[in-house]
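Reader: I am new to this structure and should like to learn how its features are read. May we go through them one at a time?

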Amino acid sequence: MFKAGRTTRAGRTRPTTMTVATIIAGTVIFLLLAIPLVVQVITAFRGPFLPFGVSSAKWSVENFVTLWSLRDDFWAVIGSTAAFVGGSTVLSLLIAFGLAWVTVRTDAPFRRVISLLVIVPFIIPPIVKAQAYLLMLSPETGVLNQLLRAIPGMGGVTIDPYAFSTMIVIQALTNVTFPYLMIVPILTNMDGSLEESARVSGASWAQTLRRVTLPMLWPGLLGVTVLTFILGLGSLEVPLLFGQDSGQSIFALKLWTLISAGAGELPQYGLAAAWGCVFLVITTIAFVIYLRATRDAERRASVSGKGFRPTVMKLGIWRIPVLIAVFIFVLLTAILPLFALFWAAITPFPIAFSFQALAEQTRFTSFGLVLGDGEFWASLARTLIIAGGSATIACVAATVLAYGIARSRSTGWTKSMDLFASSSVAIPAVIAGFAMFLTFMVINPVIPLVGTIAALIIAYSFRVSVAYRSGYSATLQIRKELEEAALVSGASRLEGFRKVVVPLLMPTVFAVWIQMFILGTNEFTLPAFLATPESRPLSVYMYAMINPRSAQLYAPDQGAAMALIFTLLVFLIGYGLQWAVSLRAIGRAKRRPIPVRVAAALAAAPAPGDDNAPDTATVASQELGVLSRR
C-alpha cells in the first residue's frame, strides 16, 4: 500500500507530492462548488442587494419573510414548477423507456439506426431546439400546425405554442436523450430469464412488467428520474422562449426575472437568493433519494456468470405500429425542427411554407451574412475557449482527486469528500449560474472577474462531478500492483500516477472531456446570468438575434441560419474529437505502452499460491526495468 508521506528527522510525516496534488484538486473542487452556494445563502440573509460592500446590508430573515408573505406567489411558483418539471420528467421517461425497450429488448428492425436517431437531438444545442420548436409551432406559419390543418378530420386544430401544456411537452421532447442513454445500459444488463419464468408461470406481459421487470429496474429508474428532474429544474431555454405568458411562475424564469430589473428598478438579489435556497433544499432532498436508491442496487442485480442473456421480445403484428411511433418521435424531435429553422433562414419574414413561396420568396443571403459577421466568429472562438478550458479544469481536478480518494483508506473525511465531489449533479444549472453571479459580484472589488471569459470558464466547471464519478470508477478498475511496481522501481507516487495510471485512465478522461466540451458549447443557462456583450458565447449571441427585445441585433432569419451553422459545428467538432480519440486509442494499442506490458506481465505471472512464484510487484517491477533499459 502507499504511504501517506515521508518521515522527517523530527519524526513528523511530510506529505508526498501526490498527497499535495490531491489536496490541491480537492480545494479546487471545493471552491467551485461550496463558495458560490455559501455566498448565495449569505445573500439570502443579508439585505435586499449584495451581502457585502453595501451600506444597507445587514443580517436578517427579511427576504424569507417577504417570500412567505407573498403566499399566493410562493405556492404558484411551487405548483407551476412542480407541474412543469414533474410533467416533463414523467413524459420524457416514458418516451425514453419505450425507445430503450424497442432498441434493446425487441426484434424491431433498424434498431441501430433508431439508437443513432434518438441520440442526434443531444448534439443540437438546447437554445437551438427551443427556437426550432417555437418556429415549428407558430400558429400561422409553423410547419407542424400546417401539417395538422392538412390532415382530414382534424377540424383545423392549431397547437398554441405558449400554452402551459405545450411547454411541458416541448421540455419533455428536449430531454428524452438524457434518460434514454441512462436506461439503455440498465435494460441491457437485466437478465431476461426471470421474465421468461414469469411468462411460463402464466403471467401476462402486463403482470410480468409490474411484478418482475419494474421491481428489478426500480433503483436504476429512480436514479434516472431524480437526475432528469434536476436537469429540468435548471433548464432556462424553454421557459424563457415560451413562458413569458403562461410560464412566468416557473422557478428558472422567476429567478431570471428577479435579477433582470426593468427601467427604474433595482435587481432583487436577496429575494432571488431566498428562492434559490428553497429549491436547493428540494434538490438536496432529491439527491439524497437518488443516493439511497442506488446504494443497495446490487441487491437487485440479475447478471451472473450462469448463462446470462437478455430476452428479445418478438413484436409480431406490433412491428409496424412501433416503427410508426419511432418515426413520429424522430419527426417531432429532429426533422420538423431542423426544417423549421431552415425555412426561417431562407425567408425574409415569417411565412407559411408553400411551393409558391419556395419559388418566389426564398433566399440564402442570411447564411452569407452570418459567415461574414465578425461577432459570430468572435463569439464562436469564445465558446470554444470557455468549453475547452472548463472541461480541462474539471477533468484534471476530478481525475487527481478521484485517484487520491480511490487509493486512500476509507475514513470519514474520504467518504465526505467523495460525496461532496459527486454533489454538483444536485445543483440545477439556474442555481449554479445565479450563485456564481453573486460570487463574482462580491469579490469583484478584489478580483475583477465580472463579465470576463475567466468567470465563464470557472462557472462552466461546476459540473465536475461528471468527470469525478467516471474517474473514480475507472481508477477502481486498475489493479494496485501496477503502482506498487513503480514504487519498487524507485518511482514516487506522483511518478507512478503520471507514468502508469494516467495512460490507463486517458481513454475515460478523453471521453468525459469530449462530453463536457459538447455540454459547454451547448450551454445557455450559465452565460445567461454571467455573460456580457464582450464575453458572451455563441448561444447567447444567437438568442439576441432571435429576441425581439434586442433592438438592433434582432434578425430572426440570421438567427435561424446561425442556429443551423451552430448545430453543424457542434456535430462536426463532437464527432471529430471522438474520431481523433479513436485513432489515438488504436495507435496506443499498436505501440503497447508500458502500463499494458506491465499488466500483461502480471497476467502471465504464476498463481499467488505457488511457493516458487514471485510477488506481483516484483514481476511488474522487472518488466518496468526491462522496458526502461530499452
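Author: Let us begin with a pair of charged residues: the side chains of R363 and D557 meet in a salt bridge, with 3.8 Å from N to O. A salt bridge here is a side-chain nitrogen of Lys or Arg within 4 Å of a carboxyl oxygen of Asp or Glu. R363 lies in the loop between α15 and α16 (365-371) and D557 in helix α26, so the pair ties together parts that are 194 residues apart in sequence. Helices (H or I, at least four residues) and strands (E, at least two) are DSSP runs, numbered from the N terminus.

Reader: On what basis should I read these values?

Author: This is a predicted model, in which local features need pLDDT of at least 70 and side-chain atom pairs count only at pLDDT 80 or more, while totals for chains, interfaces and linings use all residues. Residues are numbered from 1 along each chain as its sequence is written, and side-chain values use heavy atoms, with hydrogens and water left out.

Reader: Are R363 and D557 buried or exposed?

Author: Buried means under 20% relative accessible area, exposed means over 50%, and partly exposed lies in between (1.4 Å probe, protein chains only). R363 counts as partly exposed because its relative accessibility is 37%, whereas D557 is buried, at 12%.

Reader: How many salt bridges are there by this rule?

Author: The general idea is that side chains of opposite charge can pair when their charged atoms come close. In this model the count comes to 7 salt bridges. One of them joins the side chains of D73 and K254, at 3.0 Å from N to O. D73 lies in helix α3 and K254 in helix α12 (residues 251-259), so this pair ties together parts that are 181 residues apart in sequence. D73 is partly exposed, with a relative accessible area of 24%, and K254 is buried, with 18%.

Reader: Which residue forms a salt bridge with R469?

Author: R469 pairs with D418, and their closest N and O atoms are 2.9 Å apart. The two residues link distant parts of the chain, 51 residues apart: R469 is in helix α21 (residues 464-476) and D418 in helix α18 (residues 412-421). R469 counts as partly exposed at 33% relative accessibility, and D418 counts as buried at 18%. Elsewhere, E375, R382 and R536 are linked in a network of salt bridges.

Reader: Where does T347 lie, and what does its side chain reach?

Author: T347 is in the loop between α14 (319-346) and α15 (355-360). Its 4% relative accessibility means that T347 counts as buried. The side chain of T347 reaches the backbone oxygen of W343 at 2.7 Å. Contact means heavy atoms within 4.5 Å. Leaving aside neighbours within four places in sequence, T347 is in contact with Q361, T362 and D557; D557 is also the salt-bridge partner of R363.

Reader: How should I read the nonpolar core?

Author: In soluble globular proteins, nonpolar side chains tend to be buried together. A nonpolar core is a set of buried Ala, Val, Leu, Ile, Met, Phe, Trp, Tyr and Cys residues joined through side-chain atoms within 4.5 Å. The largest core here has 163 residues, of which I183, F251, W275 and F434 touch the most other members. Helix α17 (residues 374-406) gives the most to this core, with 14 residues. A second, separate core of 5 residues includes V226, I230, A286 and F287.

Reader: Which residues is I183 in contact with, beyond its neighbours within four places in sequence?

Author: I183 is in contact with L93, A96, F97, A100, L221 and V224.

Reader: Which residues of helix α20 are buried, and what covers them?

Author: In α20 (residues 453-460), A455, L456, I457, A459 and Y460 are buried. Their cover includes α17, α19 (429-443), α23 (493-522) and α24 (525-530).

Reader: Is F110 buried or exposed?

Author: F110 counts as exposed, at 59% relative accessibility. F110 is placed in the loop between α3 (71-105) and α4 (111-123), and has a positive phi of about 60 degrees although it is not a glycine.

Technical notes
A polar contact is a pair of N or O atoms within 3.5 Å; within protein, one must be able to donate a hydrogen and the other to accept it, and residues adjacent in sequence count only if both atoms are side-chain atoms.
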